[in-house]
Amino acid sequence: MTDWTTADIPSLSGKTAVVTGGTGGLGYETALALAGAGAIVILTGRNDAKGRRAIEGICAQFPNALIAYEHLDLASLSSVADFARRFAASNDQLDLLVNNAGVMALPKRQQTEDGFEMQFGTNYLGHYALTARLLPRLRRAKVPRVVNLSSLAHRSGAINFDDLQSKRSYRPLRAYSQSKLAVLMFSLELQRRSDAAGWGLRSIAAHPGFARTDLISNGPGVNTLQWRVGRLLQPWISQSAAEGAWPTLFAATSPAAEPGGYYGPNGFYELKGPPGFARIMPQAKDFAAAAMLWDASATLTGVSFDEIAAAA
């Protein structure tokens, strides 16, 4: 595993993949590599112009790529439902879902269309609802995988069940850390529930370490001393977006990726390097909290995995 690169991705011919947030950064690099390996890739985003440019860029490198763009705003449950309906109407199965899209540490509290705190709603609840709505198509695949993008920030995260939407107190990085902890807890809980219910999923989480993407460069700390020091150290502690996508691609394609696993860069503090096992903090392994989060998510979104599975 320590020497793994995109050259180790097996042929994905005939497999269908959905990559959220695929118009730039990690999502673009993920979609690019999957398309290069022969997958049928549906790249999603909320900016249609960026989506068209992403498709052009990928096709410039792989002229025979089987790739398309679809509008999907994870901050809108109606957009999630619309996308899932469109996908089901034109695809019999889904082999790979990469839940990559996200927003980071917004300086001021914002809300999604449905009234959720923007980071919790986009990074976590939108992907929870999307995965549930795509469950029937995932179950039709031979070995379906769901890859969920967490972060090193999960290490400082805590799920505040008394204020999930940060209405009483909002701090940008605290809200971001909560959302990324929720993603990791969801990934682990999804594997447990799939095993118990016989859904046949491989739910795997990944994080990119310190990857140079717009998500980082547009963050709220751009004028702080800590940020300026970080920029000076970037050549030594960070890696490109393409390299940052390696743990995701390993989780998505490698036969060695374990169901219920978590992967990240194997270098110092998991900041950079080829993919390896990533550290999972104790709060992410709290099964009781994960079950509470799962139930709260079903209530907040109005989307139930069990009901969708039963109706399929």
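Buried means under 20% relative accessible area, exposed means over 50%, and partly exposed lies in between, with a 1.4 Å probe and protein chains only. The model is predicted, so that local features need pLDDT of at least 70 and side-chain atom pairs count only at pLDDT 80 or more, while totals for chains, interfaces and linings use all residues. Residues are numbered from 1 along each chain as its sequence is written, and side-chain values use heavy atoms, with hydrogens and water left out.

**Exercise 1.** Determine whether Tyr-269 and Ser-166 are buried, partly exposed or exposed, and describe the phi of each.

*Solution.* Begin with Tyr-269, which is found in the loop between β9 (262-265) and β10 (275-277), where strands (E, at least two residues) and helices (H or I, at least four) are DSSP runs numbered from the N terminus. Its relative accessibility is 48%, and Tyr-269 therefore counts as partly exposed. Its phi is near 55 degrees, a positive value in a residue other than glycine. Turn next to Ser-166, in the loop between β5 and α5, which counts as buried because its relative accessibility is 7%. Ser-166 is not a glycine either, yet its phi is positive, at about 55 degrees. As background, most residues other than glycine have a negative phi.

**Exercise 2.** Describe the surroundings of Ser-151.

*Solution.* First locate Ser-151, which sits in the loop between β5 (145-149) and α5 (172-197). Next take its accessibility: Ser-151 counts as buried because the relative value is 11%. Then list its contacts (heavy atoms within 4.5 Å): leaving aside neighbours within four places in sequence, Ser-151 is in contact with Tyr-176, Lys-180, His-207 and Tyr-262. Finally, the side chain of Ser-151 reaches the backbone nitrogen of Ala-153 at 2.9 Å.

**Exercise 3.** Work out which residues of α9 are buried, and relate α9 to the second largest pocket.

*Solution.* The buried residues of α9 are Trp-246, Pro-247, Thr-248, Leu-249, Phe-250, Ala-251, Ala-252 and Thr-253. These are 8 of the 8 residues of α9, so this helix is largely enclosed by the rest of the structure. For the pocket, the definition is an open set of points on a 1 Å grid over the protein atoms alone, where a 1.4 Å probe fits, with protein on both sides within 12 Å along at least five of seven lines; lining residues have an atom within 4 Å of a point. β1 (16-19) and α9 (246-253) each supply at least two residues of the lining of the second largest pocket. That pocket is lined by 17 residues, and Leu-12, Lys-15, Val-143, Arg-145 and Ala-252 lie nearest its centre.

Definitions and conventions. A polar contact is a pair of N or O atoms within 3.5 Å; within protein, one must be able to donate a hydrogen and the other to accept it, and residues adjacent in sequence count only if both atoms are side-chain atoms.
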